[in-house]
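Here's a quick walk through a model, for someone who likes to look at the atoms directly. Have it open while you read.

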Amino acid sequence: MTRHPTNSLLIRPLALGVRLTANLTAGHLLIQLISTATITLFTTIPVVSLLTLLILLLLTILEVAVAIIQAYVFVLLLSLYLQKTSNLTMAHQAHSYHIVDPSP
């Protein structure tokens, strides 16, 4: 079974999207869990609730930083994949037109 480069070029951006979605969803779920704990603890143990609120604020800052890094990595890798696809397309077109490199 031969591996066609087109399959790899189509799957890479999809894998990037799945990874980005999973990372952002995990962060949002963690924030949701901690905020629910903060609200629940507020009526019973206000001091612990304030501590979890502080953790929630720090986690939100971390989540924003992770989102920025994930977006940067996603755009960088996607542009590299698109550049590689573009180069392969141009090479395929040059081959189909029988353009030969004049250098020895």
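In which helix is Glu-63 found? Glu-63 belongs to helix 2. Keep in mind that what you're looking at is a predicted model.

**The overall layout**

Let's zoom out for a moment. The chain has two helices, and its strand count is zero. Helix 1 runs over residues 5–44, and helix 2 takes in residues 46–96. Of the chain's 104 residues, 14% count as buried. The accessible surface adds up to about 8300 Å², with carbon and sulfur atoms holding 77% of that. As for contacts, take those between residues at least 6 apart in sequence: 75% of them join residues at least 24 apart.

**The annotated spans**

An unreviewed UniProt entry carries the annotation "transmembrane region" for residues 20–45 and 51–82. Here's how those two spans look in the model:

| Span | Helix | Strand | Distance between end C-alpha atoms |
|---|---|---|---|
| Residues 20–45 | 96% | 0% | 36 Å |
| Residues 51–82 | 100% | 0% | 46 Å |

**Back to Glu-63**

Glu-63 is a buried residue, yet it has no salt bridge. How far away is the nearest side chain of opposite charge? That would be Arg-19, at 13 Å from Glu-63. So what does Glu-63 touch, leaving out residues up to four places away in sequence? The list is Asn-23, Leu-24, Gly-27, His-28 and Ile-31.

**Two exposed isoleucines**

Now for the outside. Ile-61 sits in helix 2. Is Ile-61 buried or exposed? Its relative accessibility is 59%, and because the cut-off for exposed is over 50%, Ile-61 counts as exposed. Ile-61 is also part of a nonpolar surface patch, together with Leu-51, Leu-54, Ile-55 and Leu-58. Taken together, the patch residues have about 500 Å² of accessible area.

Ile-39 is found in helix 1. With a relative accessibility of 63%, Ile-39 counts as exposed because that value is over 50%. If you want to trace a path from there, try Thr-52: Ile-39 and Thr-52 are 13 residues apart in sequence, and their C-alpha atoms are 9.4 Å apart in space.

**In short**

Helix 2 holds both Glu-63 and Ile-61. Glu-63 is buried, whereas Ile-61 is exposed.

Note on methods: Residues are numbered from 1 along each chain as its sequence is written. This is a predicted model: local features need pLDDT of at least 70, side-chain atom pairs count only at pLDDT 80 or more; totals for chains, interfaces and linings use all residues. Side-chain values use heavy atoms; hydrogens and water are left out. Patches are made of residues with over 30% relative accessible area and no salt bridge: like charges are joined within 9 Å, nonpolar side chains (Val, Leu, Ile, Met, Phe, Trp, Tyr) within 5 Å. Accessible areas come from the Shrake-Rupley method with a 1.4 Å probe; for residues, only the protein chains shown count as cover. A salt bridge is a side-chain nitrogen of Lys or Arg within 4 Å of a carboxyl oxygen of Asp or Glu. Helices (H or I, at least four residues) and strands (E, at least two) are DSSP runs, numbered from the N terminus. Buried means under 20% relative accessible area, exposed over 50%, partly exposed in between (1.4 Å probe, protein chains only). Contact means heavy atoms within 4.5 Å. UniProt positions are given in the numbering used here, feature names are shortened, and annotations may be inferred rather than shown by experiment. Lys and Arg count as positive and Asp and Glu as negative; His and the chain ends are not counted.
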